[in-house]
Amino acid sequence: AAFDFGHVFSLRDKLDNSAREGARLAAALPLLGEVSGSTPSGNTTAVAQSVFSYLQQAKVVQGCTLNGGASSGTFAWTFTATGCPDNLSIAVERNYQVTVNGNNTSMSRVTVSYPAHFLFFHRVIGLLTPGANYPSTFVLTPQAVMQNP
């Protein structure tokens with residue numbers, strides 16, 4: 001169980017850091033060229049690529065490629081990786097509105113979704129509590145939000 005939880009916490013930290021790096025880059029890049037409902041701009045694609053590169057360097061994903069992204073809402077795009085053993089999704093929202101001190105503020109939000117796997121813990125639960133069914137796979141979905149300039 002300690003091994004499984006350590007692995008999941010390590011994966012969560014890597015996903016958190018990748019989302020934070022993406023949000024930091026998104027907040028630094030101008031919103032110029034963003035057209036809601038169309039293909040993502042070069043800036044938005046660069047944000048998703050930075051998250052993907054971080055995860056590659058952290059050895060979370062290997063041997064896969066990031067697609068070009070598709071519109072998933074108002075100033076929001078979702079990128080997925082192909083060829084990975086697990087499903088990776090990166091959502092980039094470039095004009096996410098948050099109320100701060102009564103005023104609407106434009107933020108960038110990056111959400112990363114990736115499955116975590118228990119190798120042993122779900123089996124131990126079954127041994128301790130016969131008939132119990134604990135899933136061996138669940139999706140981690142960290143996100144980071146940073147204010148646009």
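## Overall layout

The protein has 3 helices and 7 strands, where helices (H or I, at least four residues) and strands (E, at least two) are DSSP runs numbered from the N terminus. Following the sequence, you meet these elements in the pattern α-α-β-β-β-β-β-α-β-β.

Before going further, note that this is a predicted model, in which local features need pLDDT of at least 70 and side-chain atom pairs count only at pLDDT 80 or more, while totals for chains, interfaces and linings use all residues. Residues are numbered from 1 along each chain as its sequence is written, and side-chain values use heavy atoms, with hydrogens and water left out.

## Inside and outside

Of the 149 residues in the protein, 37% are buried; buried means under 20% relative accessible area, with a 1.4 Å probe and protein chains only. The accessible surface is about 8,000 Å², and carbon and sulfur atoms account for 56% of that surface. These areas come from the Shrake-Rupley method with a 1.4 Å probe.

Contacts (heavy atoms within 4.5 Å) also tell us about the fold. Among those with a separation of 6 or more, 59% are between residues 24 or more positions apart.

## The disulfide

A disulfide is a covalent bond between the sulfur atoms of two cysteines. Here it is recognised as a pair of cysteine sulfur atoms within 2.5 Å, and a search of the whole structure finds 1. The partners are C64 and C84, with their sulfur atoms 2.0 Å apart. C64 sits in the loop between α2 (42-57) and β1 (65-66), and C84 in the loop between β3 (76-82) and β4 (89-100), so the pair ties together parts that are 20 residues apart in sequence.

What is the handedness of this disulfide? The torsion about the S-S bond of C64 and C84 is about 70°, so the disulfide is right-handed. Both C64 and C84 are buried.

## Around S106

S106 belongs to strand β5, which covers residues 103-117. Its side chain makes polar contacts with the side chains of N95 (2.7 Å) and N148 (2.8 Å). A polar contact is a pair of N or O atoms within 3.5 Å; within protein, one must be able to donate a hydrogen and the other to accept it, and residues adjacent in sequence count only if both atoms are side-chain atoms.

Leaving aside neighbours within four places in sequence, S106 touches several residues, including L31, Y96 and Q147.

## A charge over a ring

Y96 has another partner: R109 lies over the face of Y96, 3.9 Å from the ring centre. For this, NZ of Lys or CZ of Arg must be within 6 Å of the ring centre and within 35 degrees of the ring normal.

How values were computed:
Buried < 20%, exposed > 50% of the residue type's maximum accessible area, 1.4 Å probe, protein only.
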